[in-house]
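Here are my notes on the model you sent over. Have it open while you read, and go through the points in order.

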Amino acid sequence: FVHTPSLDQLELKFNALVGVNSEGEIDFVHDEYTLALAPVEFFKQSYPDHHNYTTIEFVDYTKDPTKFIVPGFVDTHIHASQYPNVGVGLGTPLLDWLHSYTFPLENKFSDLDFATKIYTKIIQKTIASGTTCASYFTTIDPNSTNAFADLLLQYGQRGFVGKVCMDHNDTYHAYEEDFASAKESMDKVIAHIEKVNPEGQSLVTPIITPRFAPVCSRELLKYLGELSASRSLPIQTHISENKKEIELVRDLFPECKDYTDVYDQHKLLNQSTILAHAVHLTEDERTVIKNKNCSISHCPTSNTFISSGEAPIKQYLYKDQINVSLGTDVSGGFDLSILGIVKQSILVSHHVAMTEKDSYHQLLLKDAIFMATKGGAIAVGLDNTIGSVEKGRKFDMQLIDLRSYNSNADIFEWQLPSQEDLKEERELKMMNLLGKWIFTGDDRNCVKVWCNGRVILDKSARDERWVMV
Ligand code: GUN
Ligand code: FE
């Protein structure tokens, strides 16, 4: 097992035996399992009072160190509706990009058949890339948003469902709702999700989603702040992604000190608020975000693709001590795999370091893996539930196989730990394999996915056959 139980801590568990109960929860983590006995036998001898385990997965590191289990990824910012637009609109600045590509696409989601096709695809694709939990934006349409919640439950992915709220769209009048219909739609979505969740579980949760300040009236922002408080619901929105957007917010809300203050004045900042992008924050804003315990969703791929800027994440994490997670931001981001975002987050941090002429800004593997798992769990308020291999957490995991069928990650025999290395250098060897995974791997290496202890995807092994001529 590879996990990051806290910031700055990457733990490699070479000999762990993990017990998962019928609720899909981790009952115990035994760190000194010996291979001399089969797992179930070992368990019976160590804990004679319990007998009810079967083996759900067995990974023998000594035989195949290219297989390991990692907590499922948490994508804290993704627009489910924007999937058809991935790769489209390179370099178009944010406000033009919204107007030209995004609003016209989202406006089609009142067509339920169209919506269902796209929503099915994005859920399948994210699961196949190891995402076991995601905080989604849908569109303003409540019916297809409810269908999206149903699909999450059907596929077994943990998810936060954000019906987009926006009652003030000056640039694209065809796509907006009025205040009354925003309220009505929110009621409809919240009631539906309460009804469809399996008993005793909240796999799917509504999340309050004012799209971003420029498209929301003061009245709507105030109502959504109150709704979050009265229903104890989390909040997600965009903040300080692009300089023109920041200027627009200054013009629209002259009574507020800055962008962060707009949300603060409408009671939208608390420990369950996810702020996406946060590229150009002032020191005052970072202080407020820290004091209110909000999380940031860092979206490096999107910030690069639409040229929004480079967020100084190392500083947010360590100096400002703000919780930072990762978001694909499909379709501002073209990559719906959090593994891809892990890679991009590291590369962008190197650019920040080069610009600042200070290597401090370089993110390490452990920082990026933390943001992709535990940091994400904190952002969605589930750090006691998911994100690490610890007792009491749900078994939301992914099995990685660096030599899976058709894998792009070439691992050479001499890079595998020898029996000697297993005694002396296994940490170092394993860190090299993690580097291989992050920089050369992709969804083909994610071969099995569990959510709530249940297998939700199993890509059975296939043999590769070359036809030599
Ligand atoms: N700001 C407001 N809406 C959006 C959106 O859909 N994507 C991104 N990247 N930024 C936004
Ligand atoms: Fe976004």
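1. Let's start with the contact between the two domains: 23 residues of domain 1 touch 22 residues of domain 2. Bear in mind throughout that this is a predicted model. On the domain 1 side, the elements that give two or more residues are strand 1 (2-6), helix 16 (426-440), strand 17 (446-451) and strand 18 (454-458). Helix 16 gives the most, with 4 residues. Sorted by class, this side of domain 1 has 12 nonpolar, 6 polar and 5 charged residues.

2. Where are the bounds of these domains? The domain assignment puts 2-71 + 394-458 in domain 1 and 73-379 in domain 2. Taken over C-alpha atoms, the centres of domain 1 and domain 2 are 31 Å apart.

3. Strands 17 and 18 turn up again in an open sheet of 4 strands, with the order 5-16-17-18 and antiparallel pairing. Its edges are strand 5 (67-71) and strand 18, each of which pairs on one side only. From one strand to the next, the twist averages 20°. If you want to look at one pairing in detail, try strand 17 with strand 18: these two run antiparallel and are joined by 4 bridges. Valine 449 is the residue that stands opposite leucine 457 of strand 18.

4. Now for the parallel sheet. This one is also open, with 4 strands in the order 12-13-14-15. Strand 12 (235-239) and strand 15 (323-326) are the edge strands, and each pairs on one side only. Here the twist averages 30° from one strand to the next. Strand 14 (residues 295-298) pairs with strand 15 over 4 bridges, in the parallel sense. To find your place in that pairing, look for serine 295, which stands opposite asparagine 323 in strand 15.

5. What surrounds ligand 1? The residues around it are His79, Leu94, Leu98, Thr102, Arg211, Phe212, His238, Glu241, Ser302, Asp329 and Gly332. Helix 2 (residues 94-106) gives the most to this shell, with 3 residues. By class, the shell around ligand 1 comes out at 3 nonpolar, 5 polar and 3 charged residues.

6. Helix 3 (residues 112-128) and helix 4 (residues 142-155) make a pair you should look at. They pack at an angle of about 35°, and their axes are 10 Å apart. Is the crossing of helix 3 and helix 4 left-handed or right-handed? It is right-handed. Helix 3 makes the contact with Leu112, Ala115, Thr116, Tyr119, Thr120, Ile123, Gln124 and Ile127, while helix 4 brings in Asn143, Ser144, Ala147, Phe148, Leu151, Leu152 and Tyr155. The class count for this contact is 10 nonpolar, 5 polar and no charged residues.

7. Two spots in the backbone deserve a second look. As background, most residues other than glycine have a negative phi, and most peptide bonds are trans. Valine 330 and serine 331 are joined by a cis peptide bond, with omega about 5°. Serine 331 is in the loop between strand 15 and helix 12 (338-356).

8. The other spot is serine 232: although not a glycine, this residue has a positive phi of about 50°. You'll find serine 232 in the loop between helix 6 (218-231) and strand 12, and strand 12 is one of the edge strands of the parallel sheet in point 4.

Conventions. Residues are numbered from 1 along each chain as its sequence is written. Chains are lettered from A and ligands numbered from 1 in the order in which they are written. This is a predicted model: local features need pLDDT of at least 70, side-chain atom pairs count only at pLDDT 80 or more; totals for chains, interfaces and linings use all residues. Two strands pair if DSSP finds at least two bridges between them. Axes are lines fitted to C-alpha atoms, for helices over the stretch in contact, and angles run from 0 to 180 degrees between N-to-C directions. Domain bounds come from an automatic or database domain assignment. Two residues are in contact if their C-beta atoms, placed from the backbone, lie within 7 Å. Ala, Val, Leu, Ile, Met, Phe, Trp, Tyr, Cys and Pro count as nonpolar, Asp, Glu, Lys and Arg as charged, and the others, Gly among them, as polar. A residue is near a molecule or strand if its C-beta atom, placed from the backbone, lies within 6 Å of it. A crossing is left-handed if the near helix is turned anticlockwise from the far one by less than a right angle, and right-handed if clockwise.
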